[in-house]
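Dear colleague,

Please find below the structure that I am handing over to you. I would be grateful if you could read the notes after it with the coordinates open.

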Amino acid sequence: MISPPEARRAQGDAAEERACRHLDRSGFTIVERNFRTRGGEIDIVARKGDVLVFVEVRSREDAAFGTPEESVTLAKRRRIVAAARQYLSKVPPSSWREARFDVIAIEGSGERAELRHYPAAFDAKGKVL
């Protein structure tokens, strides 16, 4: 069954909120949420020390159509990388030393949903690491 757009947006917002809490507890500072460019969007930009982390958050109620992390396709990764390049062009180069791309997958619903964090999930060419 396909959920209406409002329900999917609410589920996505809840997943991003949970991901932000996870990152905060893990020592990250949330710099920006939902950074949009013409070609793509970054769900969360976080910082830990001088490392900028571009985080893609994916959620699914169940794995009937695959896991959330499996839905981060090569095309999606390339759009995230392009958006990250736009973001980096707007911040001073001296404000960061390293950048990486993480994926946070949330499967299930509510606070009992399983959260999986994949640091450095892919590189700047969109290649899965």
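The notes below concern one aspartate and one pocket. Please bear in mind that this is a predicted model.

I begin with Asp123. This residue is found in the segment that follows strand S5, which spans residues 114-122. Asp123 has a relative accessibility of 23% and therefore counts as partly exposed, since the buried class is reserved for values under 20%.

The side chain of Asp123 makes polar contacts with the backbone further along the chain. One of its polar atoms lies 2.9 Å from the backbone nitrogen of Lys125, and the side chain of Asp123 also reaches the backbone nitrogen of Lys127, at 2.8 Å. Leaving aside residues up to four places away in sequence, Asp123 touches Val81, Phe101 and Leu129. As for Gly39, a separation of 84 residues in sequence from Asp123 corresponds to 18 Å in space, C-alpha to C-alpha.

I turn next to the second largest pocket, whose volume is about 190 Å³. It is lined by 14 residues, and those closest to its centre are Gln11, Ala14, Ala15, Ser109 and Gly110. Which element gives the largest share of the lining of this pocket? Helix H1, residues 5-25, does so, with 6 residues. By residue class, the lining of the second largest pocket divides into 5 charged, 5 polar and 4 nonpolar residues.

With kind regards

Methods: Residues numbered from 1 in each chain as written. Predicted model: local features only at pLDDT ≥ 70, side-chain atom pairs only at ≥ 80, totals over all residues. Heavy atoms only, no water. Helix = DSSP H or I, 4+ residues; strand = E, 2+ residues; numbered from the N terminus. Buried < 20%, exposed > 50% of the residue type's maximum accessible area, 1.4 Å probe, protein only. Contact = heavy atoms within 4.5 Å. Polar contact = N/O pair within 3.5 Å; in protein donor to acceptor, adjacent residues only side chain to side chain. 1 Å grid on protein atoms, 1.4 Å probe; cavity = no way out; pocket = protein on both sides within 12 Å on 5 of 7 lines; lining within 4 Å. Points joined across faces, edges and corners; volume = space filled by probe spheres on them. Nonpolar A, V, L, I, M, F, W, Y, C, P; charged D, E, K, R; others polar.
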